[in-house]
Amino acid sequence: MASSTKSPPDAIVPNLVVITDDADVTLRVIKYTQRLKPGDDGNDKVKSITDFNVNTQVMIRNSEFFKTLLTGNFAEASQSVVTLKEHDPSAMQAIFCALHSQYEDWSASSCGLSITKQTLGLSVHSLCDVISSARHFLIEMVELDSWFKLWYEHGDNSKTDPKSMLYPTYQLNHAEGFAAATKKMVYHHTRIEETKNQQHKDLHLPPRVIQQLCAARGRLKTILSNQIWNHISGLLDGSCNCKEKTLFAFLHALKETGGFPVDQAAQRNPIAYVLHQLADFDDYFEAPAEAKGCSRCSTDWSSAMKTACAVVWKYFDGLCLDCMDHTQPKFADEHEDYWGHLERDMEWDNACRIDHGQATWYYSFMGRADARDKILKRVRLANPRTKFL
Ligand SMILES: [Zn+2]
Ligand SMILES: [Zn+2]
């Protein structure tokens, strides 16, 4: 919402933020205590007013919305103060920072440096406000990438809940952040879900991304179970007389760790928990005296279990935004990629911003929007009333 305002509502003093020394227009951002209903001027619900001094050219170069607003025939085009209602001032400051810093040398600008510093302290939850406002003003997300890179490097993201990082890292194209958040979800969470943002219920990942993370988690369970089964099966196939006692000792120790059976343990716990439990296998395993000297039964079961766990830990590197991108096929096209993965020894992270193996490629590839999605989107844009059965 935008309209011209000559004076702020009584008793609220606007904060002034100078974004650039080349400012020639003031964008007044008003935040309200609650969402405004149609027709409500909101004068009795003003929470804060912030005046941002910005450069018109920078704003119109980056946004069709501002181009129309500041250069069209609207009343706003001739105003020196233009009001933008119902946006978060911190989020808007981050957007102004992202746009202006591309056109000025901010490393030499004390104004720019101080603005950047303030926006880097933005909370992870405010990132949805940034994305939502950028969408509202028709600003391409790619214009925010460089700012977000700084934001990401500035904070200690190891402590941030990966659930809340999934959407912003995906939208703001941060390959490292998205891989880290998706990997953490798969290994360290029992339920794969993203944080529901009450203010922006329309902002969420495409469901296929969550589906792929669930699939990857399921695969980790299968790999771990198979690794353990191979040892059980080896004992069952043995011809020695001590195999029963060894098998019993092996299964008993597994059960005592609390990480076995894998499916049961992973039902209410993260995969990382199951792996940590199984790492204590050595504490519970006691080799039967009869097995001494038997080549099969005197396997180093403890290191066999450590190897099994290591295989699972190494399996998935998170989802790769570059491999999810249709426009960056590894071979001639995405169909070549699909069939190629079955037969070729591929460099799975070729031209990707992160290092990763095959599993990451596979789940990322499967998480791409398919061609049908694109066609439907195109048809809907052309004719919003089209219904599909
Ligand atoms: Zn034996
Ligand atoms: Zn990749």
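**Figure 1. F281 in helix α13.** F281 sits in helix α13, which spans residues 281-284. The model shown here and in the other views is predicted. F281 counts as buried because 23 C-beta neighbours lie inside 10 Å, and the cut-off for burial is 20 or more. Which residues does F281 touch, leaving aside those up to four places away in sequence? The list is A253, L254, T257, S302 and M305. A253, L254 and T257 belong to the stretch of helix α10, residues 243-257. H252 is also worth locating in this view. F281 and H252 are 29 residues apart in sequence, yet their C-alpha atoms are 9.8 Å apart in space.

**Figure 2. The cis peptide bond before P261.** The peptide bond from F260 to P261 is cis. Its omega is near -5 degrees. P261 is placed in the loop between α10 (243-257) and α11 (262-268).

**Figure 3. The buried side of helix α2.** Helix α2 covers residues 64-71. Its buried residues are F66, L69 and L70. Around the helix axis they cover an arc of only 85 degrees, so they fall on the same side of α2. The general geometry of a helix helps in reading this view. An α-helix has 3.6 residues a turn, so residues three or four places apart point the same way.

**Figure 4. Helix α3 against helix α5.** Helix α3 (residues 89-100) packs on helix α5 (residues 127-136). Two packed helices are described by the angle between their axes and the distance between the axes. For α3 and α5, the angle is about 65 degrees and the axes are 8 Å apart. That angle makes α3 roughly perpendicular to α5. The crossing of the two helices is right-handed. On the α3 side, the contact uses A91, M92, A94 and I95. On the α5 side, D129, V130, S133 and A134 meet them. By class, the contact residues comprise 6 nonpolar, 1 polar and 1 charged.

**Figure 5. Helix α3 against helix α4.** Helix α3 also packs with helix α4, residues 110-120. Here the angle is about 135 degrees, with the axes 9 Å apart. Is α3 roughly perpendicular or oblique to α4? The angle makes α3 oblique to α4. The crossing of α3 and α4 is left-handed. Q93, A94 and C97 of α3 make the contact with I115, T116, Q118 and T119 of α4. These residues divide into 3 nonpolar and 4 polar, with no charged residue. A94 of α3 appears in the contact with α4 and in the contact with α5.

**Figure 6. G121 in the loop after α4.** G121 is found in the loop between α4 and α5. It counts as exposed because 11 C-beta neighbours lie inside 10 Å, and the cut-off for exposure is 12 or fewer. Which distance separates G121 from S90 in space, C-alpha to C-alpha? The two are 9.6 Å apart, with their positions 31 residues apart in sequence numbering. S90 falls within the range of helix α3, residues 89-100.

**Figure 7. E86 in the loop before α3.** E86 lies in the loop between β5 (81-85) and α3. Its phi is near 65 degrees, a positive value in a residue other than glycine. E86 counts as partly exposed because 15 C-beta neighbours lie inside 10 Å.

**Figure 8. Helices α7 and α8, with N173 between them.** N173 lies in the loop between α7 (162-171) and α8 (175-188). Its phi is positive, at about 55 degrees, although N173 is not a glycine. N173 is partly exposed, with 18 other C-beta atoms within 10 Å. The flanking helices α7 and α8 pack at an angle of about 145 degrees. Their axes are 8 Å apart. The crossing is left-handed. From α7, the contact draws on P162, K163, M165, L166, T169 and Y170. From α8, it draws on G177, F178, A181, T182, K184 and M185. The contact residues of the pair divide into 7 nonpolar, 3 polar and 2 charged.

**Figure 9. The whole chain, for orientation.** The protein chain has 17 helices and 5 strands. Buried residues make up 33% of its 389 residues. Among contacts between residues at least 6 apart in sequence, 72% join residues at least 24 apart.

How values were computed
Residues numbered from 1 in each chain as written. Chains lettered and ligands numbered in written order. Predicted model: local features only at pLDDT ≥ 70, side-chain atom pairs only at ≥ 80, totals over all residues. Helix = DSSP H or I, 4+ residues; strand = E, 2+ residues; numbered from the N terminus. Arc of directions from axis to C-beta. Contact = placed C-beta atoms within 7 Å. Axes fitted to C-alpha atoms, helices over the stretch in contact; angles between N-to-C directions. Parallel < 35°, antiparallel > 145°, perpendicular 65-115°, else oblique. Left-handed = near helix turned anticlockwise from the far one by under 90°. Nonpolar A, V, L, I, M, F, W, Y, C, P; charged D, E, K, R; others polar.
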